[in-house]
Amino acid sequence: MTHRQTLEALSGLMLVLFVAMLSATVVSTALPRIIGALGGNQSQYTWVVTATLLTSTATTPIWGKLADLYSKKRLVQLSITIFTVGSLISGFAQNTEQLIAARAFQGLGVGGLQILVQIVIGAMIPPRERGRYMGYIGAVMAVATVGGPLLGGLIVDTSWLGWRWCFFVGVPIAALAFLLLQKTLHLPVIRRADVKIDYLGATLIAAGVSILLIWVTFVDDSFAWLSWQSGAMVGGGLLILAAAVWVESRAAEPVVPLPIVVRRNTALAIVASVAVGSAMFGGSVFLGQYFQIGRGYSPTEAGLLTIPMMVGVLFSSTIIGRLTTTTGKVKPFIVFGTVVLTAGFAVLSTMDHETSLVLLGVGMLLVGVGVGGSMQNLVLIVQNSVALKELGAASGTVTFFRSLGGTIGVSVLGAVLANQVSSTITEKLAAAGMGAGSSGNATGSLDIGALPPPVQLVVRAAYGDATGHIFLISAALGVVSILAALALKSVTLRGTLDLATAKPPAVDGEAQAPQVAPAGPKHAGPKHAAPRHAARKS
């Protein structure tokens, strides 16, 4: 692909990335109003977000592996279709249970969109040159993350639209992206006769992670930490994940290739990605709730108040992307990003229901700068160390663990927030001499306007004070990401799409652009001989 063709294809990919991020951010400020309208509680609030993260996380490595085997273009279009159908079903949901199920289905498409965009860009642009294109990615992220909350707030504050349009609004954008990619994206398609998808491993990974997340959501509420239910769920989840590791170590085409995972930089990037994932999802989910319930702002005002975080993402991803291309180095910027991210969490951990908005703005700006400086570079350092034929599996693996970190982060932080809010409200209502009859369902409902005015004050203060504690947990995770970033092996980004070797191997059958270097001797041999492949343009 020429430079012009690359830019044309990137326009469609940026639309795909935009609609994927918009699906989360447009709901962030509107979610308290949505859950209140559907009569949901705090646990259901968390699961509306977690359901999408869970299915997108579980399917990310599958999409990544499929991208190594089938047409990347067709897979992107398939994920767009799944996302669009899920958005429509979400918009027509009549209760929180239906909404959670629809969001889970939508997450199947979101998982594909998030990873496939990175894989396609990796197949078009060498790692050394990829940094300057991160500015475009950063701009799209900033527009989606800034415009999403604002758009969501305006939608729920506009009577003739209503909250259902938070899900409908992405449908025409997704359709436009589908058509644009059909016209502009042209990549080689590799046909292999020995394709084997590790469905058993994928199922075990999804089942093990799901059981542990369900346990996190209900522990200390429906049952105690030390109980037979906790033992059964934790033990069962870990046993299933251990079986998944065993299956992956023996599968011909593992969903999560263990040889890639155990590489130094990949393993450390995975550890650092857990904290970054927690920042990406936890910040947008719980800050919107804090400003609306803890401080009493409207959804639109809540969206405006989160702008400092998005400004930080925009400028840091753009500037650091350019510096990455200029220097060819990536580790210093990852270290910088994780340090600033942790500092931002530390600032936000001091918040309560009366904290200065200026201080909150500083904390959000630091978090945004940290996310923009580290998120894309953690994927880039992994992509730089693998051959082109392993690009999908490697990208899918690190993105899987980043999404897993976000999923676990939202689940754990949501459970901590719900339990602390419930105990604080109960304690303060009892101290004020208010019984259950006068307080209504104060500890469970998010429809704050339906509560008596004295009770509203108690509930808002409880939510405002509890939010600081969840960011203290995030700061502790940030310290772990700093240590992982410091331990990364310093590398110089290569200027070719594939790993270069001194002695070219036998023809591998992949139709690649002329500047692509051969894969290396270890990838050659009878198993991957040219007659077993047939490349064509999609």
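Author: A helix here is a DSSP run of H or I at least four residues long, numbered from the N terminus. Isoleucine 35 is in one of them, helix H2, residues 31-37. Bear in mind that this is a predicted model.

Reader: Okay, and why is isoleucine 35 called buried?

Author: Buried means under 20% relative accessible area. Isoleucine 35 comes out at 0%, so it counts as buried. As for its surroundings, the C-alpha atoms of isoleucine 35 and asparagine 95 are 8.8 Å apart, with their positions 60 residues apart along the chain.

Reader: What makes lysine 331 count as buried?

Author: The cut-off is under 20%, and lysine 331 has a relative accessible area of 19%, so it counts as buried. You'll find lysine 331 in helix H15, residues 331-348.

Reader: How do you know what lysine 331 is in contact with, beyond its neighbours in sequence?

Author: Contact means heavy atoms within 4.5 Å. Leaving out neighbours within four places in sequence, that gives Ala485, Leu486, Leu488 and Ser490 for lysine 331. Valine 491 sits 160 residues away from lysine 331 in sequence, yet their C-alpha atoms are 7.5 Å apart.

Reader: What makes the pairing of lysine 331 with leucine 486 a polar contact?

Author: A pair of N or O atoms has to be within 3.5 Å. A polar atom of the lysine 331 side chain lies 2.9 Å from the backbone oxygen of leucine 486, so the distance test is met.

Reader: Let's switch to H4. How do you know how its span compares with the expected one?

Author: You take 1.5 Å times one less than the number of residues. H4 has 20 residues, for which 28 Å is expected, and it reaches 29 Å from its first C-alpha to its last, which is close.

Reader: And what makes H4 "mostly covered"?

Author: That's a count: 14 of its 20 residues are buried. Serine 87 is in H4, which covers residues 72-91. At 1% relative accessible area, serine 87 is under the 20% limit, so it is buried. Apart from neighbours within four places in sequence, serine 87 is in contact with Gln106, Phe167, Phe168 and Val171.

Reader: Why is valine 209 called buried?

Author: It has 11% relative accessibility, under the 20% limit, so buried is the word. Valine 209 belongs to helix H9, residues 199-218. Its contacts, setting aside neighbours within four places in sequence, are Leu54, Leu241 and Leu404. Glycine 237 is 28 residues from valine 209 in sequence and 6.8 Å from it, C-alpha to C-alpha.

Reader: Now the surface. Why is leucine 365 called partly exposed?

Author: Exposed needs over 50%, buried needs under 20%, and partly exposed is in between. Leucine 365 has 36%, so it is partly exposed. It is found in helix H16, residues 357-383.

Reader: What makes leucine 365 eligible for the nonpolar patch?

Author: Patch residues need over 30% relative accessible area, and leucine 365 has 36%, so it passes that test. The patch consists of Val311, Phe315, Ile319, Leu323 and Leu365, with about 420 Å² of accessible area together. Helix H14, residues 307-327, supplies its largest share, 4 residues.

Reader: What does the whole protein look like on these counts?

Author: There are 19 helices and 2 strands, and 58% of the 538 residues count as buried. The protein exposes about 20,400 Å², of which carbon and sulfur atoms supply 70%.

Definitions and conventions. Residues numbered from 1 in each chain as written. Predicted model: local features only at pLDDT ≥ 70, side-chain atom pairs only at ≥ 80, totals over all residues. Heavy atoms only, no water. Buried < 20%, exposed > 50% of the residue type's maximum accessible area, 1.4 Å probe, protein only. Polar contact = N/O pair within 3.5 Å; in protein donor to acceptor, adjacent residues only side chain to side chain. Patch = residues over 30% accessible without salt bridge, like charges linked within 9 Å, V, L, I, M, F, W, Y side chains within 5 Å. Areas by Shrake-Rupley, 256 points an atom, 1.4 Å probe, with all protein chains shown as cover. Salt bridge = Lys/Arg side-chain N within 4 Å of Asp/Glu carboxyl O.
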